[in-house]
Amino acid sequence: AIINIRAILSILHENRPVELSPQDRELYELLFRPNHFSPRQFLSLRSIAHWREANNSALFSEGDPVHHLILLASGQCDVTIANQHANVVRPGDFVGELEYLQSEDSSGEGGGEPVKSPVSVIAKGVVHYMVWSFADLHRLLH
């Protein structure tokens with residue numbers, strides 16, 4: 001009976017309304033809600049993220065170690081390899097997700113050697129994005 005009460009309380013807590021800023025609400029509706037994240041799950045991820053802005057500058061530079069995951073919220077970025085255009089990053093796109101997975105050591109504990117970026121990601125004008133450090137993500141997800 002106690003386990004059932006805990007489960008009910010957990011469900012009630014999860015379903016309580018949450019307040020999201022307009023910027024967070026837009027990102028939640030764009031990417032997280034369609035992927036079946038609850039607002040509370042989004043807030044857990046959001047709590048360890050930082051909003052950043054760039055203007056015609058590099059978010060990642062080819063060959064540099066990657067220590068964070070980026071989610072583009074607005075604007076566009078060019079992706080280049082050896083100074084050749086390779087792709088475009090748009091709102092809702094992640095950058096650094098493969099490096100995060102590759103940086104996990106074989107024990108699954110995280111903290112493996114930083115992976116070097118195979119590309120440069122450069123903001124075209126003003127972009128807004130969320131950043132998670134690999135270490136913070138690892139602590140939250142494991």
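**Residue environments and pockets in a predicted model**

Glutamate 29 is partly exposed, its relative accessible area being 33%. This residue belongs to helix 2, and the structure in which it is placed is a predicted model. The side chain of glutamate 29 forms a polar contact of 3.3 Å with the side chain of arginine 33. Between the C-alpha atoms of glutamate 29 and proline 39, which lie 10 residues apart along the chain, the separation is 9.6 Å.

The protein chain as a whole contains 5 helices and 8 strands. Read from the N terminus, its elements follow the order α-α-α-β-β-β-β-β-β-α-β-β-α. Of the 142 residues in the protein chain, 35% are buried. The exposed surface of the protein chain comes to about 8,900 Å², of which carbon and sulfur atoms supply 54%. Among contacts in the protein chain with a separation of 6 or more, 71% are made by residues 24 or more positions apart.

Two residues with low accessibility were examined in their surroundings. Valine 79 is located in strand 4, which spans residues 68-81. This residue is classed as buried because its relative accessibility of 10% falls under the 20% limit. When neighbours within four places in sequence are left aside, the contacts of valine 79 are Gln84, His85, Ala86, Asn87, Val89, Val119, Ser120 and Val121. One of these partners, valine 89, is 10 residues from valine 79 in sequence, and the two C-alpha atoms are 7.1 Å apart in space.

Serine 117 is found in the loop that connects strand 7 (115-116) and strand 8 (120-133). With a relative accessibility of 5%, serine 117 is likewise under the 20% limit and therefore counts as buried. Its side chain reaches the backbone oxygen of valine 119 at a distance of 2.5 Å. Apart from neighbours within four places in sequence, serine 117 is in contact with Phe60, Ser61, Glu62, Gly63, Asp64, Val66 and Glu99.

Backbone torsions were then considered at two loop positions. Most residues other than glycine have a negative phi. Histidine 36, although not a glycine, has a positive phi of about 65°. This residue occupies the loop between helix 2 and helix 3 (39-47). Histidine 36 has a relative accessible area of 73% and is therefore exposed, the limit for that class being over 50%. Alanine 82 is also not a glycine and has a positive phi, in this case of about 50°. The loop that holds alanine 82 lies between strand 4 and strand 5. At a relative accessible area of 51%, alanine 82 is over the 50% limit and so counts as exposed.

The analysis of empty space concerned two pockets. Rolling a probe the size of a water molecule over the atoms shows where empty space is left. The largest pocket has a volume of about 280 Å³. Its lining consists of 15 residues, and those closest to the centre are Phe94, Val95, Gly96, Glu97 and Val119. Strand 5 (84-89), strand 6 (94-95) and helix 4 (97-103) are the elements that each give two or more residues to this lining. Helix 4 gives the most to the lining of the largest pocket, namely 3 residues. By residue type, the lining of the largest pocket comprises 10 nonpolar, 3 polar and 2 charged residues. Valine 119, named among the residues closest to the centre of the largest pocket, is also the residue whose backbone oxygen is reached by the side chain of serine 117, and it appears among the contacts of valine 79.

The volume of the second largest pocket is about 230 Å³. This pocket has a lining of 13 residues, with Leu45, Leu69, Phe94, Leu137 and Leu141 nearest its centre. Helix 2 (22-32), helix 4 and helix 5 (134-141) are the elements that supply two or more residues to the lining of the second largest pocket. The largest share, 3 residues, is provided by helix 4. The lining of the second largest pocket divides into 11 nonpolar residues, 1 polar and 1 charged. Phe94 is listed among the residues closest to the centre of the largest pocket and among those nearest the centre of the second largest pocket. Helix 4 likewise gives the most residues to the lining of the largest pocket and the largest share to that of the second largest pocket.

Note on methods
Residues are numbered from 1 along each chain as its sequence is written. This is a predicted model: local features need pLDDT of at least 70, side-chain atom pairs count only at pLDDT 80 or more; totals for chains, interfaces and linings use all residues. Side-chain values use heavy atoms; hydrogens and water are left out. On a 1 Å grid over the protein atoms alone, a cavity is a set of points where a 1.4 Å probe fits but cannot get out, and a pocket is an open set with protein on both sides within 12 Å along at least five of seven lines; lining residues have an atom within 4 Å of a point. Grid points are joined across faces, edges and corners, and a volume is the space filled by probe spheres set on the points. Helices (H or I, at least four residues) and strands (E, at least two) are DSSP runs, numbered from the N terminus. Ala, Val, Leu, Ile, Met, Phe, Trp, Tyr, Cys and Pro count as nonpolar, Asp, Glu, Lys and Arg as charged, and the others, Gly among them, as polar. Buried means under 20% relative accessible area, exposed over 50%, partly exposed in between (1.4 Å probe, protein chains only). Contact means heavy atoms within 4.5 Å. Accessible areas come from the Shrake-Rupley method with a 1.4 Å probe; for residues, only the protein chains shown count as cover. A polar contact is a pair of N or O atoms within 3.5 Å; within protein, one must be able to donate a hydrogen and the other to accept it, and residues adjacent in sequence count only if both atoms are side-chain atoms.
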